[in-house]
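Please load the model in a viewer and follow the selections below in order. The tour starts from the whole chain and then moves to a single strand and its partners.

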Amino acid sequence: MGEYRHFEAKPLSGAVGAVLHGIDISHDLADDQIAEIREALLEYLVIFFRDQRMSDERLMTFGRYFGELYLHPNLAKKGPYPEVIHVVKEPEATRVVGAEWHTDTGHVECPPMGAILHALEVPPKGGDTLFSNQYLAYESLSDGLKATLDGMKAVHDDSRVAGPNANKGRSTETRDDEEWTPTANAHPVVRTHPETGRKALYVNVASAHYFEGMTKEESQPLLQYLFKHSTQPEFTCRFTWAPGSVAFWDNRCLKHIAVNDYQGYRRDMRRVQLCGDRPV
Ligand code: SIN
């Protein structure tokens with residue numbers, strides 16, 4: 001485990017995630033602080049901060065320390081900044097954003113490298129987010145399956161998260177207009193992280209629908225196996241939010257899921273995403 005000068009990193013599980021204590025990210029940061037936060041992100045894949053009350057402007061400033069902010073192609077823009085997505089569930093809503101295990105925005109050519117989510121209002125209980133380490137998911141496969149997957153691509157599209165009926169029961173709206181058509185891109189099933197050089201499994205139930213060169217039917221058994229394999233408890237951590245909590249995750253080697261278990265209560269979050277590379 002890395003030793004850090006600017007904060008203390010307390011791991012959240014044996015597999016992934018750490019809470020960084022002793023650093024205030026709601027004010028300007030120095031280059032060496034930013035470099036250490038990036039280091040911790042690469043070590044833990046998802047890092048958390050507590051008690052950070054950030055305006056939209058501060059959230060964008062924090063995001064820009066790590067890259068260019070990404071404009072989401074589907075989710076509705078609310079408020080003054082199109083870069084800041086309001087991830088909200090009102091008490092009467094029945095569905096949430098991110099209710100299936102996923103990496104973010106996998107249907108585009110260059111999915112975001114990461115996301116930063118800031119909690120403004122949380123339910124009295126529930127509304128946690130789970131994260132799963134996809135390096136471990138890859139590394140724990142047999143050599144035979146690794147060799148099979150290494151050259152394969154999966155076709156990702158946004159048909160489960162946008163388009164007709166996507167907004168039924170949800171407070172955060174996504175594109176469902178008549179001009180919307182699915183966007184599809186093929187990505188390697190195993191991607192190499194551009195900063196760490198490590199291999200990670202890169203398929204998820206929300207966007208990966210079949211393997212390139214195979215039918216959907218042919219693809220299903222292996223896809224289902226990988227979906228299940230990649231989210232086993234040993235690869236995960238669970239984060240319980242409070243107002244002012246922030247999560248910063250690396251979308252290149254991590255999956256996450258929002259737990260929808262707080263019916264009748266409000267949850268209000270702000271999210272920015274960072275531009276990423278084409279997976280290789
Ligand atoms: C997301 O999938 O980005 C939302 C996660 C959450 O609301 O916990």
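Begin with the whole protein, which is a predicted model. Of its 280 residues, 55% are buried. To see this, colour the residues by relative accessible area, with buried taken as under 20%.

Keep everything selected and switch to a C-alpha trace. Along the principal axes, this trace spans about 50 × 45 × 35 Å. The radius of gyration is 18 Å, which agrees with the value near 19 Å that a compact globule of 280 residues would have.

Next, show the cartoon: the protein contains 5 helices and 16 strands. If contacts between residues at least 6 apart in sequence are drawn, 83% of them join residues at least 24 apart.

Turn on the surface. The protein exposes about 12200 Å², and carbon and sulfur atoms supply 50% of that area. Then select the charged side chains: 31 are positive and 40 are negative, and the centres of the two sets lie 3 Å apart.

Now hide the surface and select strand E6, residues 114-121. Is this strand enclosed or open? Because 6 of its 8 residues are buried, E6 is largely enclosed by the rest of the structure.

Add strand E14, residues 246-250, which pairs with E6 in the antiparallel sense over 5 bridges. Label Gly114 and its bridge partner in E14, Asp250.

Finally, add strand E16, residues 267-274. E16 and E6 also pair in the antiparallel sense, here over 7 bridges. Label His118, whose bridge partner in E16 is Arg270.

Conventions:
Residues are numbered from 1 along each chain as its sequence is written. This is a predicted model: local features need pLDDT of at least 70, side-chain atom pairs count only at pLDDT 80 or more; totals for chains, interfaces and linings use all residues. Side-chain values use heavy atoms; hydrogens and water are left out. Helices (H or I, at least four residues) and strands (E, at least two) are DSSP runs, numbered from the N terminus. The radius of gyration is taken over C-alpha atoms; the globule rule is 2.2 Å times the number of residues to the power 0.38. Buried means under 20% relative accessible area, exposed over 50%, partly exposed in between (1.4 Å probe, protein chains only). Contact means heavy atoms within 4.5 Å. Accessible areas come from the Shrake-Rupley method with a 1.4 Å probe; for residues, only the protein chains shown count as cover. Lys and Arg count as positive and Asp and Glu as negative; His and the chain ends are not counted. The place of a charge is taken as NZ of Lys, CZ of Arg, CG of Asp or CD of Glu. Two strands pair if DSSP finds at least two bridges between them.
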